[in-house]
Amino acid sequence: MAITSPDRVAARSLDDSMALDPARPLYVTHARGPLTVAVVSIAWLRGRDETDRATIAARHLSDEENRQAAQLRLVKRRLEWLAGRLAIKHSVCAYQRRHAGTSVRPRDITVGVVPDGLRAGKPVVDARVEVGLSHSADFAVAVCGPRAVGIDVERSRQVPPPLAELLTRAPEIAADPRLGGVGAMPLPLRWACKEAVLKHFGFGLRVDSREVRLTQWWPDGRFAWRAGPELRRHAPAADGSRFDSWAREVDGYALALVWQ
């Protein structure tokens, strides 16, 4: 059994196009932006036997990537790694097919990471595009675009008390959710927004999440944020008004995207 590439999808708004279905091995959508998002079901991979997973890996991964996967001892980590690579590769292939008219096999997309520094671990590919990646529970979600992108996905569940305190005591967040805006956002969604912003710059949690100050959230999913002084020091262009930022709950998960 193998994951196959989906048919071309028309560009739509993110609200219309996003779906997270654990029974669906691969889902790719093009959203206005332009962005291409690919979702790989870790739950589906988990339900395959070793032979099926080896067949999928052999079809989509390079020989070097298969060697890297073999070095991962924990099954959970190996599944997340495979799902992440598949999501990135399919997002890039679908983006190239739509925007450049070129057909590239997933196996021919080389995925790497920034090796060191403040952006260590940020995914990169051997194509003139930018990519982002996030995992949570049953899904790996990748995004591809012409410029830097950030994505975070979090399963919607009760957050630990210390994180809940951090997310509810920020001075710019209204205490009464009836007032709307950021105060109406579920806590996992607030966290996803902060991570998506930091991932956009490649920093992840190497920069304090409090450096991303959420200021507004609109019914269509757009959200606004301000960069704190440390974030601006590391990324002088970090002005939230210059970015497209979107966050919604989708099929039991909090999903946030930031792009230019």
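Begin by selecting Leu 163, Ala 164, Leu 166, Leu 167 and Thr 168 in helix α6, which meet Leu 187, Arg 190, Trp 191 and Lys 194 in helix α7. By residue class, this contact of α6 with α7 comprises six nonpolar, one polar and two charged residues. The model on display is a predicted one.

Now show both helices whole, α6 as residues 161-168 and α7 as residues 187-200. Their axes come within 10 Å and cross at roughly 75°. Because angles of 65 to 115 degrees count as roughly perpendicular, α6 is described as roughly perpendicular to α7.

**The three-stranded sheet**

Keep α7 in view and add the strands beneath. Helix α7 lies across β7, β10 and β11, and runs at about 150° to β7. These strands form an open sheet in the order β7-β11-β10, with antiparallel pairing. Strands β7 and β10 (244-250) occupy the edges with a single partner strand each, so one side of each has no neighbour in the sheet. From one strand to the next, the twist averages 10°.

To inspect one pairing in detail, select β7 (149-155) together with β11 (residues 253-259). Seven bridges connect β7 and β11 in the antiparallel sense. Within this pairing, Gly 150 has Val 258 in β11 as its bridge partner.

**The four-stranded sheet**

Move next to the other sheet listed on this tour. Four strands make up this open sheet, in the order β1-β2-β6-β5 and with antiparallel pairing. Here the edges are β1 (26-31) and β5 (130-136); each has a single partner strand, so one side of each is left without a neighbour in the sheet. Neighbouring strands are turned by 15° against each other on average, direction ignored.

Select β2 (residues 35-41) and β6 (residues 139-145), which run antiparallel and are joined by six bridges. Ala 38 is a useful marker, with Ala 142 in β6 as its bridge partner. Then add helix α5 (residues 75-99), which packs on the sheet and touches β1, β2, β5 and β6. The direction of α5 makes about 30° with that of β6.

**The largest pocket**

Which residues should be selected to find the part closest to the centre of the largest pocket? Of the 28 lining residues, Gly 121, Lys 122, Pro 123, Leu 133 and Lys 199 are the closest to the centre. The space in this pocket amounts to about 520 Å³.

Colouring by element links the pocket to the earlier stops. The elements that give two or more residues to the lining are α5, β5, β7 and α7. Helix α5 supplies the largest share, six residues. Colouring by residue class instead divides the lining into 11 nonpolar, eight polar and nine charged residues.

**An enclosed space**

The last stop is one of two cavities of 30 Å³ or more. Select Ala 19, Leu 20, Asp 21, Arg 24, Tyr 27, Val 39 and Phe 139, which line the second largest cavity. Its volume is about 30 Å³. How does the lining of the second largest cavity divide into nonpolar, polar and charged residues? There are five nonpolar and two charged residues in this lining, and no polar ones.

Terms used. Residues are numbered from 1 along each chain as its sequence is written. This is a predicted model: local features need pLDDT of at least 70, side-chain atom pairs count only at pLDDT 80 or more; totals for chains, interfaces and linings use all residues. Side-chain values use heavy atoms; hydrogens and water are left out. Axes are lines fitted to C-alpha atoms, for helices over the stretch in contact, and angles run from 0 to 180 degrees between N-to-C directions. Angles under 35 degrees count as roughly parallel, over 145 as roughly antiparallel, 65 to 115 as roughly perpendicular and the rest as oblique. Contact means heavy atoms within 4.5 Å. Ala, Val, Leu, Ile, Met, Phe, Trp, Tyr, Cys and Pro count as nonpolar, Asp, Glu, Lys and Arg as charged, and the others, Gly among them, as polar. Two strands pair if DSSP finds at least two bridges between them. On a 1 Å grid over the protein atoms alone, a cavity is a set of points where a 1.4 Å probe fits but cannot get out, and a pocket is an open set with protein on both sides within 12 Å along at least five of seven lines; lining residues have an atom within 4 Å of a point. Grid points are joined across faces, edges and corners, and a volume is the space filled by probe spheres set on the points.
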